[in-house]
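Colleague: I would like to learn how the words used for a protein model are earned. Could we go through one together, with the reasoning spelled out?

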Amino acid sequence: MTTASPNARAVRSAARHLDSAEVLIGERERETVRRHAAELTRLDPLPRGYVHGGFQERNWLFDTGPGTLAVVDLERARPHAVVFDIVRLACGPWVGRPDLRAAFFEGYGRELTDKEERSLRCLAALDAVSAVSWGVPHHDPEIVARDRATLARRERRDAA
């Protein structure tokens with residue numbers, strides 16, 4: 001038995017979230033997610049590694065004295081496409097802040113490849129529908145607003 005690629009698993013997960021978000025997002029948003037899911041299936045293979053699974057500010061503990069960063073909440077850590085851990089950064093703190101993105105990649109040691117950049121855009125759309133489908137019933141307006149904005153940015157870029 002062959003294990004499904006991380007992208008294939010992300011696409012299957014997005015399909016489930018689209019079903020649960022059917023009344024929460026409009027048809028145009030659903031089509032944006034479907035289009036990005038279709039593109040993602042064409043982007044395998046991607047560099048793989050062990051990812052955190054929720055790499056975002058709320059899971060960071062930063063000691064400003066020595067400048068030490070600790071990352072917590074590892075329950076979603078697993079082997080995956082390494083670009084997966086960058087999705088929440090690209091849809092959150094990096095929006096409108098190219099300086100933060102540049103600083104991250106300076107520390108990371110390399111920029112993303114073209115295929116990874118395309119995957120990042122696709123994964124952002126898929127993650128957004130997941131977050132909306134979770135955020136609405138859990139009354140988390142911050143997550144819902146962030147991910148509706150992510151879908152809107154994807155739609156605008158697709159239309160351009």
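Modeller: Gladly! Let's start with a definition: a residue is called buried when its relative accessible area is under 20%, and exposed when that value is over 50%. Keep in mind that this is a predicted model. In the chain, buried residues make up 40% of the 160 residues.

Colleague: What makes Glu 117 buried or exposed?

Modeller: Its relative accessible area is 18%. The cut-off for buried is under 20%, so Glu 117 counts as buried. You will find Glu 117 in helix H5, which covers residues 114-135. Leaving aside neighbours within four places in sequence, Glu 117 is in contact with Arg 101 and Leu 112.

Colleague: And what does "in contact" ask for?

Modeller: Heavy atoms within 4.5 Å. Contacts also tell us about the whole chain: among those between residues at least 6 apart in sequence, 69% join residues at least 24 apart.

Colleague: Now the cysteines. Why is there no bond between the sulfurs of Cys 91 and Cys 122?

Modeller: A disulfide needs two cysteine sulfur atoms within 2.5 Å. For Cys 91, the closest cysteine sulfur is in Cys 122, and it is 12 Å away, so the two are too far apart for a bond. Starting from Cys 122 leads back to Cys 91, again at 12 Å and too far for a bond. By this rule, the count of disulfides comes to 0.

Colleague: Which word fits Cys 91, buried or exposed? And which fits Cys 122?

Modeller: Set each value against the under 20% cut-off. Cys 91 has 6% relative accessibility, so Cys 91 counts as buried. Cys 122 has a relative accessible area of 0%, so Cys 122 is buried too.

Colleague: How do you know whether the overall size agrees with a compact globule?

Modeller: We compare two radii of gyration. With 160 residues, a compact globule would have a value near 15 Å; the chain has 16 Å, so the two agree. Along the principal axes, the C-alpha atoms fill a box of roughly 50 × 40 × 35 Å.

Colleague: What is the order of helices and strands?

Modeller: There are 6 helices and 4 strands. From the N terminus on, they run α-α-β-β-β-β-α-α-α-α.

Colleague: Finally, how many side chains are positive, and how many negative?

Modeller: Counting Lys and Arg as positive and Asp and Glu as negative, the chain has 25 positive and 24 negative side chains. The centres of the two sets lie 4 Å apart.

Terms used
Residues numbered from 1 in each chain as written. Predicted model: local features only at pLDDT ≥ 70, side-chain atom pairs only at ≥ 80, totals over all residues. Heavy atoms only, no water. Helix = DSSP H or I, 4+ residues; strand = E, 2+ residues; numbered from the N terminus. Rg over C-alpha atoms; globule rule 2.2 N^0.38 Å. Buried < 20%, exposed > 50% of the residue type's maximum accessible area, 1.4 Å probe, protein only. Charge placed at Lys NZ, Arg CZ, Asp CG, Glu CD.
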